[in-house]
Amino acid sequence: MVRLLSIHGVFKHAMIVVPGPASKELGEAVAAQLGLTAQPVEHRLFPDGESYLRLPEGVGGEKVALVQTTAPDPDRKMMQLLIMARTAKDLGAAHVAACVPYLAYMRQDKRFLGGEALSLDVVLGLMEAAGVDDLVVVDAHSASSLAEIEAGHRVKVHNLSAIPLLAEYVKERGYDGAYSLSPDVGAIRLAEAAGRVLGGRHGYFEKSRDRRTGEITMEVKDLEVGGVNAVVFDDIISSGGTTARAVEGLKRQGAADVAAACVHALFMPGAEERIRAAGADLIVSADTVESRHAGVTVAGLIAGCLEKL
Ligand code: R5P
C-alpha cells in the first residue's frame, strides 16, 4: 500500500531509511534524525564471496533512502549498493536516494594518463542503470569534476560538506583562531570553509603526485605560522603521506599544536603512525567511513538533505 503524507497541503511519499551492510550505525542515526526507525536489510555472504541481500518488505510505492558507504572494500560495497538500489526499484519504490557518504572512485574523475578509466563516470552510469534518482555524497574529491560528470547522467547529485563540523570539533579543542591548511591548492576550498569557522588565516602547500609511481612531493612555502596553532584539512587520508608531509611542513615552520582533520578516514596500515610521527597532536575524521578517529557525524547533514527530497 502506498502511503502519502500531506505536508503543507502537498502529498509526499513516506520515506523508508534502509542502512546497507556497510553503514548500519550511520543509517540508523540518519533514520533517528528523521524521526523514523531504520528498516534493516538482510545480508550475508555466500562462501564464494557474493553478497546476498534482501530488502525489507513494504518498500513498494515509498521513497527509499539507502545508506551505504563504499570503504573499506569499495568494489564489494559498491556492488551491494547497486543491488539494493535495483531491487528497491524492482519492488516498486517510488524514488531511490543513495546516500553514499564516501563515494569510492571519486578521485579518478579525469583521464590523467591516456587509456585510463574515467571511473567516476562509470560509477554514475551504474547508479543510473540501477535506478538511483538522487545520490547524496559528502565532500566529493572535486565538486567541479563531479558536476561535469553529473551533467551526462540522470542521477541528481547532492554534495554535502563535513568540513564545518570538523572545524567546530577542533575549535572546541583549543584550535580557535588556528591556521587552516589544505595540503594541495586543489583543496583550498576546504581550508577556506574551515577558516570561516576557526576565524584564523588559511592557505595551502603545493602537492604533486607522480601519476605512475604515486610518489608525493610537496612544496612547503613559508606561511608565517611560527607559534600559531594549525590544522591540516583534507578530504581523504589514505596512506597518510599527504597529511604527514603537511604536518611536518607546518612543524618545521614553528607551528605550535598541529591537528590533522579529514572527512574520509580510509587510514591504510601505517597511516596513523606516519601522521603522528610527523608531529600531529590531534587526529579527527567524520564518520563517512567507520573509523576510530571519527569525532563528528554526518547523520544530521544527510538527514537534512533527505528531508528536502
Ligand atoms: C588526493 O588528492 C586527496 O585529496 C588526498 O590528499 C589523498 O587521497 C590523500 O592520500 P594519502 O593519504 O595516501 O596521501
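How many disulfides does a search of the whole structure find? The search finds 0 disulfides, and the points below take up the cysteines, then the helix pairs, and then some single residues of what is a predicted model.

1. Cysteines. The result of 0 disulfides covers the whole structure, and C305 shows how this comes about at one site. The sulfur of C305 has its closest cysteine sulfur in C99, at 7.1 Å, which is too far for a bond, because a disulfide would need the two sulfur atoms within 2.5 Å. C305 is also buried, with a relative accessible area of 8%, and C262 is buried as well, with a relative accessible area of 0%.

2. Helices α5 and α6. Helix α5, which covers residues 163-175, and helix α6, which covers residues 188-198, have axes that come within 9 Å and cross at roughly 45°. The two helices are therefore oblique to each other, and α5 passes α6 in a right-handed crossing. On the α5 side the residues that meet α6 are I163, P164, A167, E168, V170, K171 and Y175, while α6 contributes L190, A193, A194, V197 and L198. By class, the residues of this contact divide into 10 nonpolar, no polar and 2 charged.

3. Helices α2 and α3. Helix α2 (residues 74-90) packs with helix α3 (residues 119-130) at an angle of about 25°, and their axes are 8 Å apart. Why do α2 and α3 count as roughly parallel? Angles under 35 degrees are classed in that way, and α2 and α3 are therefore roughly parallel to each other. From α2 the contact takes M78, L81, L82, A85, R86 and K89, and from α3 it takes V123, L126, M127, A129 and A130. These residues comprise 9 nonpolar, no polar and 2 charged.

4. Helices α1 and α9. Helix α1 (residues 24-33) and helix α9 (residues 299-307) pack with axes 8 Å apart and at an angle of about 55°, and they are therefore oblique to each other. The crossing of this pair is right-handed. L26, A29, V30 and Q33 of α1 make the contact with A299, G300, I302, A303 and L306 of α9, and the residues of the contact divide into 7 nonpolar, 2 polar and no charged.

5. H158. This histidine lies in strand β9, which covers residues 156-160. Is H158 buried or exposed? With a relative accessible area of 17%, H158 is buried. Leaving aside residues up to four places away in sequence, H158 touches D134, L135, V136, V137, C305 and L309, so that C305, itself buried, is one of the contacts of H158.

6. D90 and L91. D90 has its place in helix α2, whereas L91 lies in the loop between α2 and β7 (95-100). D90 counts as exposed at 57% relative accessibility, and L91 counts as partly exposed at 46%. From C-alpha to C-alpha, D90 and A130 are 9.6 Å apart in space, with their positions 40 residues apart in sequence numbering; A130 is also one of the α3 residues in the contact with α2. L91 and G58 are 33 residues apart in sequence and 8.4 Å apart in space, C-alpha to C-alpha. Not counting residues up to four places away in sequence, L91 touches L55, V59 and G60.

Notes. Residues numbered from 1 in each chain as written. Predicted model: local features only at pLDDT ≥ 70, side-chain atom pairs only at ≥ 80, totals over all residues. Heavy atoms only, no water. Axes fitted to C-alpha atoms, helices over the stretch in contact; angles between N-to-C directions. Helix = DSSP H or I, 4+ residues; strand = E, 2+ residues; numbered from the N terminus. Parallel < 35°, antiparallel > 145°, perpendicular 65-115°, else oblique. Left-handed = near helix turned anticlockwise from the far one by under 90°. Contact = heavy atoms within 4.5 Å. Nonpolar A, V, L, I, M, F, W, Y, C, P; charged D, E, K, R; others polar. Buried < 20%, exposed > 50% of the residue type's maximum accessible area, 1.4 Å probe, protein only.
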